[in-house]
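Biologist: Could you take me through this one and show how each label is earned?

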Amino acid sequence: MTKKRVLTGITTTGTPHLGNYIGAIRPAIAASKADNVESFLFLADLHAIVKCHQPDMVHQSSKEIAATWLALGLDTERSTFYRQSDVPEISELTWILTCLTAKGLMNRSHAYKAAVASNVEEGEDPDNAVTMGLYSYPVLMAADILMFKANDVPVGKDQIQHVEMARDIAGRFNHRFGDVFVLPEAKVGGDGAVLNGLDGRKMSKSYGNTIPLFLPEKQLKKHINKIKTNLLEPGEAKDPGDSTVFQIWTAFASEEQTQTMREEFANGIAWGEAKKRLLELVNEELCEARERYLELMADPVSVEKVLLEGAEKARNHSRPLIKQVREAIGIRALSL
Ligand code: TRP
């Protein structure tokens with residue numbers, strides 16, 4: 001059976017939150033268990049430094065994200081779990097691909113265009129605070145993907161364009177130098193839902209409306225109590241369709257539990273009571289993993305070891321690939 005290669009990167013800025021868990025981490029861990037899938041998951045720390053120039057934050061976030069995935073039961077025997085910066089071939093491939101990538105393609109990148117548009121709006125120089133890292137970010141991402149011949153790349157909507165750019169770049173290389181790369185496909189949405197945050201907008205670090213994944217129970221309770229609701233009193237019927245409490249409930253509940261809560265809403269459950277039950281439900285799903293998370297955070301030496309073993313596995317793919325690429329482009333021993 002040929003297995004499908006599924007690859008995704010997690011940028012190491014910030015602390016994992018419930019939105020990351022529901023939208024990306026839980027479905028990725030579930031998918032990594034399928035027999036017909038070979039999954040590559042990595043900490044994108046070279047991507048983190050594009051925007052984050054706070055060393056302690058990049059470092060802390062790498063530790064938290066690694067501990068999170070391990071605590072949630074990612075099987076590192078089955079899947080390849082590594083830190084991008086531990087695979088130097090990715091950086092080398094990035095340069096080689098940079099030399100093939102049309103500047104015009106990068107000009108069209110949404111992330112870059114958004115930065116320019118916001119500068120112009122503020123009357124700044126268009127390229128104010130735009131680094132070459134931000135500008136050529138999609139090339140690094142292409143190297144991440146192409147290095148491991150990924151077929152499917154599960155990403156959020158905002159990243160579709162980057163995966164398409166990787167496809168373009170791969171096509172261009174293959175056309176010029178022979179078939180080396182597999183053309184990847186973006187897989188959007190998948191099983192993961194988009195979770196709303198405390199204020200009802202999409203849960204996102206940039207909105208400051210997140211519920212961190214492994215908060216101690218007391219803190220989790222405080223956060224859940226802060227979820228915005230309307231002013232309907234106990235006994236008044238509530239609309240599940242516009243409720244963040246209900247939306248998060250659905251993400252954690254069985255179908256039966258969702259149905260029950262739907263009825264409770266119709267019967268006018270008090271917001272306080274709905275939140276209390278939500279806390280119990282979320283806590284039940286996360287409490288064991290939270291224990292493991294705390295243990296792992298207290299033992300960075302073993303997490304580091306897991307990452308380095310992962311990097312060795314990854315390099316079993318990246319070393320031969322980079323050799324093939326070098327030969328294809330004419331960088332090889334003079335005697336060959
Ligand atoms: N840029 C992605 C994000 O911000 C993270 C990422 C880096 C990635 N390299 C990748 C995702 C390769 C998928 C494949 O979400």
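Modeller: Here is a chat about helix packing, domains and salt bridges.

Modeller: Keep in mind that this is a predicted model, where local features need pLDDT of at least 70, side-chain atom pairs count only at pLDDT 80 or more, and totals for chains, interfaces and linings use all residues. Residues are numbered from 1 along each chain as its sequence is written, and side-chain values use heavy atoms, with hydrogens and water left out.

Biologist: Why are α7 and α8 called roughly perpendicular to each other?

Modeller: Helix α7 (residues 132–147) and helix α8 (residues 160–177) pack at an angle of about 70°, with axes 9 Å apart. The label covers 65 to 115 degrees, so α7 and α8 are roughly perpendicular.

Biologist: What makes the contact between α7 and α8?

Modeller: Contact means heavy atoms within 4.5 Å. On α7 the residues include Tyr-137, Pro-138 and Met-141, and on α8 they include His-162, Val-163 and Met-165. By class, that contact has 11 nonpolar, 1 polar and no charged residues.

Biologist: How do you know where domain 1 and domain 2 run?

Modeller: The bounds come from an automatic or database domain assignment, which gives domain 1 as 4–195 + 300–329 and domain 2 as 217–294. Their centres, taken over C-alpha atoms, are 34 Å apart.

Biologist: What is the area buried between domain 1 and domain 2?

Modeller: About 940 Å², with carbon and sulfur atoms giving 65%. Buried area is the accessible area (1.4 Å probe) that two parts lose on being put together, summed over both. Leu-18, Ala-71 and Leu-195 supply 49% of what domain 1 buries against domain 2, more than any other three residues.

Biologist: Why do the side chains of Glu-285 and Arg-26 count as a salt bridge?

Modeller: The rule asks for a side-chain nitrogen of Lys or Arg within 4 Å of a carboxyl oxygen of Asp or Glu. Glu-285 and Arg-26 come in at 3.0 Å, N to O, so the pair fits the rule.

Biologist: And what does the salt bridge of Asp-152 and Lys-4 tie together?

Modeller: That one is 3.4 Å, N to O. Asp-152 lies in strand β4 and Lys-4 in strand β1, so the pair links parts that are 148 residues apart in sequence.

Conventions
Axes fitted to C-alpha atoms, helices over the stretch in contact; angles between N-to-C directions. Helix = DSSP H or I, 4+ residues; strand = E, 2+ residues; numbered from the N terminus. Parallel < 35°, antiparallel > 145°, perpendicular 65-115°, else oblique. Nonpolar A, V, L, I, M, F, W, Y, C, P; charged D, E, K, R; others polar.
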